[in-house]
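Here is a short briefing to read alongside your structure. Take a moment with the model first, then come back for the highlights.

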Amino acid sequence: HVFTAKMKPLMLHGHERSITQIKYNRDGDLLFSVAKDSTPTVWYSLNGERLGTYDGHSGALWCVDINLDSTQLLTGSADNTCRLWDCETGRQIAVFETKTAVRSCGFSSSGQQVFITTDKQMGFDCEIMLFDLAAGDLAEPCHSIPITDSRVTAALWTCQDRLLVTGHENGEIRHYDPRKGEKCHYVKKHSKIISDLQLNKDQTMLISASKDTTARLYDADSLQLLKTYKTDRPVNSATVSPIKDHVILGGGQEAMDVTTTATRIGKFDARFFHLVFEEEIGRVKGHFGPINSVAFHPDGKSYSSGGEDGYVRIHTFDPSYFEFEFEY
């Protein structure tokens, strides 16, 4: 039941160090990448041309988000800042200073509010901070939630921006009400750190990737576990197709455990699973190290992956991919 793809990917080499996150804008014409070097980069997704960089950070970058109309960009870094940029000109609009490294960040649907989560470091607790861009005063967050137990490793807006869904180091996934500053609900299905959270296109389902070698699909509102996708190595990122019942898992061994034979054995393939039947239906080779981030194009006709090798690869699907039907 496996399709074989002969796709020739676009190789985007604009980063000196390993990619930490990639994200498409809503239209899918732009692809944003951040890495452990200090320059967020934007590319044309159609031909892989590098449009430009956003210069100002002085540390590794962990997260990136783009608002719905592609006017503003948000990047979070280990230099203890999260920065807001004018997407088109690369001008820096605002700097949110934090006490520790910024691990995740995101715009609400309206683009008026942003959240930032920070790491637990140097005696400071992990914290979720909410800023109101319309208020004008960006020096202090309008809401702040200290997280005293397991730190946040991934986070997203959910439930029409009423709640934040957060993934934690201990494998928990939680709902926080940022305005009340309280935890509403949580589930613990993973046994190790959550490395990535993504919503599907209509935001009804949530997929989590974890170092415990699985990815799991949940109902976004109730956090009820729907499906589990099992592999044999840590999963760093997972994404759901907007047009087919497919999910892509990206991962691989930890970077420090990698040997030269790992690429040959196929340890760094992107793996395709059937959303409903939880069975693997295909693999795409390519990276020379673990895949750290995967993202479907909003039209579902291509996907991108960012790896520990510093490359972003854009794969446009062959006709055989669209003809492939899972037999059951």
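The points below go from the overall fold to the charged side chains.

This is a predicted model. The protein chain holds two helices and 28 strands. Its radius of gyration is 19 Å, close to the 20 Å that the globule rule gives for 328 residues, so the chain is as compact as a globular protein of that length.

**Overall shape and packing**

- If you like to picture dimensions, the C-alpha trace of the protein chain spans about 55 × 40 × 35 Å along its principal axes.
- Buried residues make up 59% of the 328 in the protein chain.
- Take the contacts in the protein chain between residues at least 6 apart in sequence: 42% of these join residues at least 24 apart.

**Surface and charge**

- The protein chain has an accessible surface of about 14,000 Å², and carbon and sulfur atoms account for 47% of that surface.
- On the charge side, the protein chain carries 35 positive and 44 negative side chains.
- The centres of these two sets of charges lie 6 Å apart.

**Salt bridges around Asp232**

- Side chains of opposite charge can pair when their charged atoms come close.
- Across the whole structure, a search finds 13 salt bridges.
- Asp232 is a good place to start looking: its side chain meets that of Arg233 in a salt bridge, at 3.4 Å from N to O.
- The two partners differ in burial, because Asp232, at 51% relative accessibility, counts as exposed, while Arg233, at 12%, counts as buried.
- Asp232 also forms a salt bridge with Arg271, at 3.2 Å from N to O.
- Asp232 sits in the loop between β21 (225–230) and β22 (235–240), and Arg271 sits in strand β24 (residues 270–274), so this pair ties together parts that are 39 residues apart in sequence.
- Arg271 is buried, with a relative accessible area of 7%.

**Arg283, Glu280 and the wider network**

- Arg283 and Glu280 meet through their side chains in a salt bridge, at 2.5 Å from N to O.
- Arg283 is partly exposed, with a relative accessible area of 37%, and Glu280 is partly exposed too, at 26%.
- Which residues do salt bridges with shared partners join into one network? They are Asp232, Arg233, Asp269, Arg271, Glu280, Arg283 and Lys285.
- That network therefore takes in the Asp232 and Arg271 pair, whose members lie in a loop and a strand, along with Arg283 and Glu280.

Note on methods. Residues are numbered from 1 along each chain as its sequence is written. This is a predicted model: local features need pLDDT of at least 70, side-chain atom pairs count only at pLDDT 80 or more; totals for chains, interfaces and linings use all residues. Side-chain values use heavy atoms; hydrogens and water are left out. Helices (H or I, at least four residues) and strands (E, at least two) are DSSP runs, numbered from the N terminus. The radius of gyration is taken over C-alpha atoms; the globule rule is 2.2 Å times the number of residues to the power 0.38. Buried means under 20% relative accessible area, exposed over 50%, partly exposed in between (1.4 Å probe, protein chains only). Contact means heavy atoms within 4.5 Å. Accessible areas come from the Shrake-Rupley method with a 1.4 Å probe; for residues, only the protein chains shown count as cover. Lys and Arg count as positive and Asp and Glu as negative; His and the chain ends are not counted. The place of a charge is taken as NZ of Lys, CZ of Arg, CG of Asp or CD of Glu. A salt bridge is a side-chain nitrogen of Lys or Arg within 4 Å of a carboxyl oxygen of Asp or Glu.
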